[in-house]
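Here is a short note for someone opening this structure for the first time. Please read the points with the model in view.

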Amino acid sequence: MCAIGSCYRVGEGVKQDHTKAVEWWEKASRRGHADATHKLAWCYKYGTAVERDGGKALELYLKAVELGSAEAAWNLGVIYRYGRSDGMVAVDKKEALKWYRVTAERGGSDTVAKSIVAELEAELAAETTN
């Protein structure tokens, strides 16, 4: 189901249709598919074929992580590291660090995630001593 949604997203073998992509990802997400849930979160974050909804995106990213998605953990790290101007979340380096650690543990963006973990640990340590 997730793969069918991805085909609709890019128009591979079918006419491109983001709405149908979302429908397939929703079906797969309801059945516990981590990647589909991650893709669905992205749609809600950016308003692709659904109404933009930062709260729903955050909820779906968290669900995707629970289902095992390293990519969703990465996205949560980015969201918390930089905050979101749409009010989704404020900057929270400790929370960002938590999600980048999950990414590194699961092997997603492994080298980059480990580098960011080290960078955030240093920043937080410097803030503590100042």
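1. Start with helix 1, residues 2–10, in this predicted model. Cys2, Gly5 and Tyr8 are buried there. Their directions span an arc of only 120° around the axis, so they lie on the same side of helix 1. An α-helix has 3.6 residues a turn, so residues three or four places apart point the same way.

2. What covers these buried residues? The cover includes helix 2 (18–30) and helix 3. Just after helix 1 comes Gly11, and its phi is positive, near 80°.

3. Look next at how helix 1 packs on helix 3. Two packed helices are described by the angle between their axes and the distance between the axes. Here the angle is about 35° and the axes are 9 Å apart. The crossing of the two helices is left-handed.

4. Which residues make this contact? From helix 1 come Cys2, Ser6 and Arg9. From helix 3 come Asp35, Ala36, Lys39 and Trp42. Cys2 thus appears twice: it is buried, and it meets helix 3.

5. Trp42 leads on to the aromatic rings. How many aromatic pairs does a search of the whole structure find? It finds two. In one, the ring centres of Trp42 and Tyr46 are 4.9 Å apart. Their planes stand at 45°, so this pair is tilted. Both residues belong to helix 3 (residues 34–46) and sit four residues apart, about one turn of the helix.

6. Are Trp42 and Tyr46 buried or exposed? Trp42 has 30% relative accessibility and counts as partly exposed. Tyr46 is partly exposed too, with a relative accessible area of 44%.

7. The other pair is Trp74 with Tyr100. Their ring centres are 5.2 Å apart, and their planes are at 80°, so the pair is edge-to-face. This pair links distant parts of the chain. Trp74 lies in helix 5 (residues 70–82) and Tyr100 in helix 6 (residues 93–105), 26 residues apart.

8. Check the accessibility of this pair as well. Trp74, at 22%, counts as partly exposed. Tyr100, at 1%, counts as buried. The cut-off matters for Trp74, because buried means under 20% relative accessible area.

9. Finally, see where lysines meet rings. Lys27 lies over the face of Trp24, at 4.2 Å from the ring centre. The charged end of Lys56 sits over the ring of Tyr44, 5.9 Å from its centre.

Definitions and conventions
Residues numbered from 1 in each chain as written. Predicted model: local features only at pLDDT ≥ 70, side-chain atom pairs only at ≥ 80, totals over all residues. Heavy atoms only, no water. Phe/Tyr/Trp six-rings, centres within 6.5 Å; stacked < 30°, edge-to-face > 60°. Buried < 20%, exposed > 50% of the residue type's maximum accessible area, 1.4 Å probe, protein only. Lys NZ or Arg CZ within 6 Å of the ring centre and 35° of its normal. Arc of directions from axis to C-beta. Contact = heavy atoms within 4.5 Å. Axes fitted to C-alpha atoms, helices over the stretch in contact; angles between N-to-C directions. Left-handed = near helix turned anticlockwise from the far one by under 90°.
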